[in-house]
Every structure is written in structure tokens, then in C-alpha cells.
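Please go through the structure below with a few questions on confidence, helix packing, salt bridges and nonpolar cores.

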Amino acid sequence: MSSTASLKEKAAKGLFWGGLSNSVQQLLGAVFGLITARILNAEDYGLIGMLAIFNGIVTILQESGFTSALANRQEIKHEDYNAVFWFSTLTSVVAYVILFFCAPLIASFYRKPDLIPLSRILFLGFVFGGMGVSLNAYLYKKLKAKERGVGDMIAISVSGTLGVILALNGYAAIGLAIQTVTYVGVSVFFRFYYSSWRPAFHFNFSPLREMFGFSSKLILTNFIFQLNSNILSVIMGRFYNANQLGFYTQGQKWTGMANQVVNGMISYIAQPVFVEASDNKERQRYIFRKMVRFGAFVSLPAMVGLALVAKEFIWIFLGEKWMPSIPYLQLLCIWGGGSYLWILYTSLLMAHGKSAAYLWGTVLTGVVQLLFIWSVYPLGTYCMVIGFVTVSCLSLLYWHKVAGQLISLSIWHVLKDIAPYLAITGTSVLIAWFVTLFTTDRYISFFVKSFLYVGSYLLIAKFLDSTMLKESLSFIKNRRI
């Protein structure tokens, strides 16, 4: 088998298992999430949302950009993985100890004493997560999407079941924290189980110095990215209230779950595949455009469809108490539909070692978003979300400029690849919306909209002889897993 065919097969299997894993995870997460959302209230989710920024920052410190640095290496020694393992583990333990004693300060900032025990439980996930960084990098580099996917599916099943049991027994936000820690612990256990690499009890951090030039920029980049991603939660939690943050968090949760199906598929394989094709610019461009079309084929209809049925979905499955989440969900779906492009652009930059461009793009986006959000926060939370989404979408122009030039990719290439699926999605929305325009029953509206929307999309794609539809069906039918 030629190297091109081998890489194509690896990428296809990676996409399949990434898609299967993320689809099953989001389905299971949806089931568990629906149950817990009906039991708990907005404040419970708001309390967890207040701590999200700390989760993000510690994750950056324990990972320190070494996953991408390892993925970019053509040859990796045992000592490289071992150095990352001990660095990440020790960093995570130190971070937990510091935040354990800082818990009263966090609670004081948000004026929520309940955050003291809650944060000390939730932050235990850092210790488990640190142990899994090197193992995840190993499976990522080897394109072991199947193994990662199976472990993650088991982890969400175990943690979700535990979360529901705890919620039914009145543990509320504490139960959500324990559920999160359990998920991290179980997923790391299966990283160990499926990895043939094992850490050794010797401490040689010299390989880190070789990677630090690349990874140091990623640390700062990801730090700014996390601040940027969680700034809305911090401002809502500090200047509004836990209930308002809870409604935003719930809308963000369901958008993220739908979005993760396609984004997870692409992020599972993008950088390693680009690295393997690094000796051929035309081949990289072909792979990139193929992934753009695949992302548009899946992401656009998924996110637009969720926005279309958001009102009925929230009312039927979560209950009337969560109706204020609808505008947040719909607004975030706008960015969700195109966020897979950000993953592709940044993965391409990482494959070319352009961590500096990644850094400056993230800084620029973060500064503009922060200024925009800060200027409109007195106008309300909806205006802040509109600003966040607007700047995120416009930032794709920068990412295209810096990444596209690496493979001679024009903006017209990307628009040409996306346009057919955008047109099919828009047509399907109009059909579903028009037919249910005068339907007042929410149950009927939800199921008719869903059926017409999905059916119209597939039928139109079939009628137009969509290559993506044919290739997806053919691979599923003939896959070798």
C-alpha cells in the first residue's frame, strides 16, 4: 500500500472513530444532561460555570503545548514521553495544592461561600488529567482514534450514570463536580490501558528544553484562549448572578455537544495527518479542502438545525424553567457552524511549526473580544454573547490569511467548498420553517421540523449527487475497523 493510500486510510478511520466516539459521547451526554437538568436548577450549573476558567488555565499548564510539540516530531523517544508525563503530573499536583488553599479567595470574588468545598472537589480532576497528557499525546501521534474513542465512551457512561444518581440524591452542584472528576479519571485509566507506552521512574527533563521553543508559545496562546473563552462566564458570575450564568452555561453546553461531534472528528486527526503530508504542499492543500467540505457537510446542517428547533428542544426535553437559555443557544450555534474551520487553520499552523502566528492570532482575537464584551456588558448578557460570536466569526479571516498562504489556499477555494452545503442547509431550513409556520403544538412542531429538515437536506444532497454524501455512505458501508 502506498504512503498516500495508507495516510488516506488512517485519516478515514480516524474520522470514522472520531465521529463515532463523539456522536456516542454527545448522545450519552445528552441523555444524562437532560435528566440532571430536570432535577437541578440554573444556579447549580452557574456555580460550576464560575470555576470553568480555572479548569481551563490548569489544563494549559499541565499540557504546556507538549501534545502538539510531540505530534510534530518525526521520531519520538521513550524519554520524550516520560519527561512530559512527570512534568504534567507534578504541575497538576502543585496546581491543585495552590488552588485548594485559594478556594476561599475564589468564593470571596464571586460572593459564593458554596464554592469553597465545590472547587476543592472539582479541582481534583487536575491530578488525574495531568497523568493522562503524555498518554494522550502517544495515542494522538499514533492516530489511535479508535482506542481514544472507546475509552472516552466508557468514561462518559460511568460518570454520567454516577452524576444522575448523585443528582437524584440531592447532591446538586457537588454531584456535577464529582461527575466531572470521574470522567477525567476513567478516561485517563483507559489511556493507560490502550497505550503500549509506560512511564519510567526516572526524572530527566532535558527533552522538554528541546520542545520548549515551540511549546512555550502554545502555553501563552492557550492561556489567552482560555481567558477569552471563559470571560463571559467570569463577567456574568461576578456582575450578574448564578442563575443568569446557569442559563448561558446550559445554552453553551448543548451547542458545544452538537458542535463537538464534527470538531472532535477533525481535531482527532488533523495535525498528525498534516504532519505526515508535510513534504507535499499540494497534497496538504487537497487534504485541507477535503476536510473543509466534510466539515461543511456535517457542521453547517447540525448547528443550523439545532438553532431551528431550539425553542421546542428546550421546552420539551429540559422544561420551561430553562427557556431563557434559548437565545444563548441560538447565538452560539452561529459560531458553532464555522468553528471547525478554526480547528483546521490552527492545526495546519501547528503542523508547520508556526506557533508564533497561532499566538498572535489568539492574542488579537482575545483583545478585540475582551474590549467588545467589556464595552457592552452593561447592556446585558445577550449583547455580550453577540459580541463574542461576531468577533469569533470575523477572526476566521485572520486565520485564513496566515494559514492559507502556507499551502497557497485562497479564500475563494474555501468559499467554493462551503457554498453548496450552505445552500442546501438554507433551503432545508426554509422548507421546514414554512411547513410548520402555523403549528402551535410544540411536540408536533419539533418532530415535523426535524423530520423535514433532515430529510430535505439528505434528499437535496442526493439529488445534487453530493460527493461527500456518497463517500461518507460508502466508507460506513465498507469500513474496516
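Axes here are lines fitted to C-alpha atoms, for helices over the stretch in contact, and angles run from 0 to 180 degrees between N-to-C directions. The model is predicted.

Q: Which element of the chain has the highest mean pLDDT?
A: The chain averages a pLDDT of 83, and 89% of the residues score at least 70. Among the elements, helix α4 (residues 66-71) has the lowest mean, 67. Where pLDDT is low, the predicted coordinates should not be read in detail. The highest mean, 93, belongs to α17.

Q: At what angle do helix α14 and helix α15 pack?
A: Two packed helices are described by the angle between their axes and the distance between the axes. For α14 (residues 326-351) and α15 (residues 355-376), the axes lie 8 Å apart. The angle is about 145 degrees.

Q: How many residues of the contact of α14 with α15 are nonpolar, and how many are polar or charged?
A: On the α14 side the contact uses W342, T346, L349 and M350, and these meet S355, A357 and Y358 in α15. None of the residues in this contact is charged. The division is five nonpolar and two polar.

Q: Is Q369 buried or exposed?
A: Q369 is found in helix α15. Not counting residues up to four places away in sequence, Q369 touches N228, F388, V391 and S392. Its relative accessibility is 1%, and buried means under 20%. Q369 therefore counts as buried.

Q: How far apart in sequence are E43 and K112?
A: E43 forms a salt bridge with K112, with the closest N and O atoms 3.1 Å apart. E43 is in helix α2 (residues 42-50), whereas K112 is in the loop between α5 (78-110) and α6 (115-122). The pair thus links distant parts of the chain, 69 residues apart.

Q: Are E43 and K112 buried or partly exposed?
A: The class in between buried and exposed starts where buried, under 20%, ends. E43 has a relative accessibility of 31%. K112 has 23%. E43 counts as partly exposed, and K112 also counts as partly exposed.

Q: Are D417 and R289 buried or exposed?
A: D417 and R289 form a salt bridge whose closest N and O atoms are 2.9 Å apart. The pair joins helix α17 (residues 411-435), which holds D417, to helix α12 (residues 281-308), which holds R289. The relative accessible area of D417 is 5%, and that of R289 is 19%. D417 is buried, and R289 counts as buried.

Q: Which residues are linked with D417 in a network of salt bridges?
A: A search of the whole structure finds six salt bridges. One of them joins D417 to R289. The network that contains D417 consists of that residue together with R289 and R293.

Q: Which helix gives the largest share of the largest nonpolar core?
A: This core has 112 residues, of which L232, F274, F288 and V385 touch the most other members. The largest share is 17 residues, and it comes from α14.

Q: Which residues does F274 contact, leaving aside its neighbours within four places in sequence?
A: F274 is one of the four core residues that touch the most other members. Its contacts include F288, another of those four. The full list is Q284, I287, F288, M291, L344, S347, L348 and A351.

Conventions. Residues are numbered from 1 along each chain as its sequence is written. This is a predicted model: local features need pLDDT of at least 70, side-chain atom pairs count only at pLDDT 80 or more; totals for chains, interfaces and linings use all residues. Side-chain values use heavy atoms; hydrogens and water are left out. Helices (H or I, at least four residues) and strands (E, at least two) are DSSP runs, numbered from the N terminus. Contact means heavy atoms within 4.5 Å. Ala, Val, Leu, Ile, Met, Phe, Trp, Tyr, Cys and Pro count as nonpolar, Asp, Glu, Lys and Arg as charged, and the others, Gly among them, as polar. Buried means under 20% relative accessible area, exposed over 50%, partly exposed in between (1.4 Å probe, protein chains only). A salt bridge is a side-chain nitrogen of Lys or Arg within 4 Å of a carboxyl oxygen of Asp or Glu. A nonpolar core is a set of buried Ala, Val, Leu, Ile, Met, Phe, Trp, Tyr and Cys residues joined through side-chain atoms within 4.5 Å. pLDDT is the predictor's confidence in each residue, from 0 to 100.
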